[in-house]
Number of protein chains: 2
Amino acid sequence: MIKPIDLDRAYRLLNIGATTLVSAAHEGDADIMAAAWATALDLTPCKATVVIDKSHYTRKLIEKSGFFALMIPTAAIAPIVMNLGTVSKNDNPRKLEECGTCLVTLPEYDMPLLEGCAAWIVFRVVPELHNQEAYDLFIGEAVAAFADDRVFVNGRWNFEEAPDDLRTLHYVAGGHFYTIGDALEVPASA
Amino acid sequence: MIKPIDLDRAYRLLNIGATTLVSAAHEGDADIMAAAWATALDLTPCKATVVIDKSHYTRKLIEKSGFFALMIPTAAIAPIVMNLGTVSKNDNPRKLEECGTCLVTLPEYDMPLLEGCAAWIVFRVVPELHNQEAYDLFIGEAVAAFADDRVFVNGRWNFEEAPDDLRTLHYVAGGHFYTIGDALEVPASA
């Protein structure tokens, strides 16, 4: 069910503003954190921004490796998303094992990807040290993208035909999320 | 129904990743455009980023005035959002009048705000010329925020008790949106 996505359509994975998970790895050390503040930055090549505080273990791995992945988790794994967002690998080196995560490693990028997501995008960091230091803002250029073809079909989200637990998460605060809702079509001539 | 929001809670208006409208004005000239690529950047003071291509009329007004507003439109005005996102004031100086927009001007900021939104945040531009030129990325620091208290209650989104046409829009592509869906609570101990 996991299919590669044309990179010139990858921005559409981010358009709906879902909460993301950020993963990174370096020399066998991996981490995943939750990040609500990720968004598309450019169409072709697809770029994105994500805000990653200096306290996060994942950030060190990104700075060492020069790569990160943005993943779009689904309602099915909301408890895992909360765990990944509240437990720090600074405090618990066994964070990933204990968070109930099931990881797939992309051989080409040494990048841990989490099962149960609707989409996965791997980014190469575009170094912008001022943004990283002053704003904790990282820019990435997409190098690979994948999506679950039950919910992303022909380059477009399509949640209507799929089980509800494949819907994306949209973070509010604390343990409060919304899932993505109903489709709404606006005629071009409206 | 429109209430001021504490600025230290304003990031929550952006957390769910809704599609936004960007407005700006300078010396009596105003424009509003649609922008799916807006997100929070910092908590206190609340900052946000938004991507605004050089072709947009609104961008010139932001660069002249040093201010912009992010508004979070609702399903009720989806056709207006599409119009504001497809018609350019470069081509049609009467864009706002013809888009069916009903504007309220904030006296303090000379900033046109659109009725029918769920929230409105006014930002002062944090000048970062490299980001603006290289990435079309603007950073703003919030100076005022307002929300419709039918859907943003005690510092948190709460769509469940309100009419469905007050739900936020999440852009896919073309005329395709999703509205925000069901609440999902994850216990902190999960």
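Let me start with a term: by a salt bridge I mean a side-chain nitrogen of Lys or Arg within 4 Å of a carboxyl oxygen of Asp or Glu. By that rule, the count between chain A and chain B is zero. Please keep in mind that what we are looking at is a predicted model.

So let's talk about the interface. What do chain A and chain B bury between them? The figure is about 4400 Å², and 58% of it lies on carbon and sulfur atoms. If you would like three residues to click on, try Trp37(A), Tyr135(A) and Tyr178(A): together they supply 18% of the area that chain A buries against chain B, more than any other three residues. In terms of contacts, 50 residues of chain A meet 50 residues of chain B.

Salt bridges may be missing there, but polar contacts are another matter. The rule finds 29 residue pairs in polar contact across the interface of chain A and chain B, with both residues at pLDDT 80 or more. Which element gives the largest share of the side of chain A that touches chain B? That is strand E14 of chain A, residues 176-185, with 10 residues. Sorted by class, this side of chain A has 30 nonpolar, 12 polar and eight charged residues.

Stay with E14 for a moment. E14(A) pairs with strand E14 of chain B, residues 176-185, in the antiparallel sense, and there are seven bridges between them. To find your place in that pairing, look at Phe177(A), whose bridge partner in E14(B) is Leu184(B).

Now, how do the two copies relate? A turn of 180° with a shift of 0.0 Å along the axis lays chain A on chain B, and the RMSD is 0.0 Å. The two copies are therefore related as by a two-fold rotation axis. The same surface serves both of them, as 100% of the contact residues of chain A recur in chain B.

Let's move inside the chains. Over all chains, a search of the whole structure finds 22 salt bridges. One I'd like to show you is Lys95(A) with Asp31(A), where the closest N and O atoms are 3.5 Å apart. This pair links distant parts of the chain: Lys95(A) sits in helix H4 of chain A (residues 95-98) and Asp31(A) in strand E3 of chain A (residues 29-35), 64 residues apart.

Next, a hairpin. Strand E7 of chain A (residues 103-106) and strand E8 of chain A (residues 111-114) pair in the antiparallel sense over four bridges. Within that pairing, Val104(A) has Leu113(A) as its bridge partner in E8(A). Four residues lie between the strands of this hairpin, and Asp110(A) there takes a positive phi near 50°.

That brings me to backbone oddities. Most residues other than glycine have a negative phi, and most peptide bonds are trans. Besides Asp110(A), have a look at Asn154(A), with a positive phi near 50°. Asn154(A) lies in the loop between strand E11 (152-153) and strand E12 (156-157) of chain A.

And where is there a cis peptide bond in chain A? Go to the bond from Thr44(A) to Pro45(A), with omega near -5°. Pro45(A) is in the loop between strand E4 (38-42) and strand E5 (47-51) of chain A. In chain B, a cis peptide bond joins Thr44(B) and Pro45(B), with omega about -5°, and Pro45(B) lies in the loop between strand E4 (38-42) and strand E5 (47-51) of chain B.

Thanks, everyone!

Note on methods
Residues numbered from 1 in each chain as written. Chains lettered and ligands numbered in written order. Predicted model: local features only at pLDDT ≥ 70, side-chain atom pairs only at ≥ 80, totals over all residues. Heavy atoms only, no water. Contact = heavy atoms within 4.5 Å. Buried area = accessible area lost by both parts, 1.4 Å probe. Polar contact = N/O pair within 3.5 Å; in protein donor to acceptor, adjacent residues only side chain to side chain. Helix = DSSP H or I, 4+ residues; strand = E, 2+ residues; numbered from the N terminus. Nonpolar A, V, L, I, M, F, W, Y, C, P; charged D, E, K, R; others polar. Pairing = 2+ DSSP bridges. Least-squares fit on C-alpha atoms with pLDDT ≥ 70 in both.
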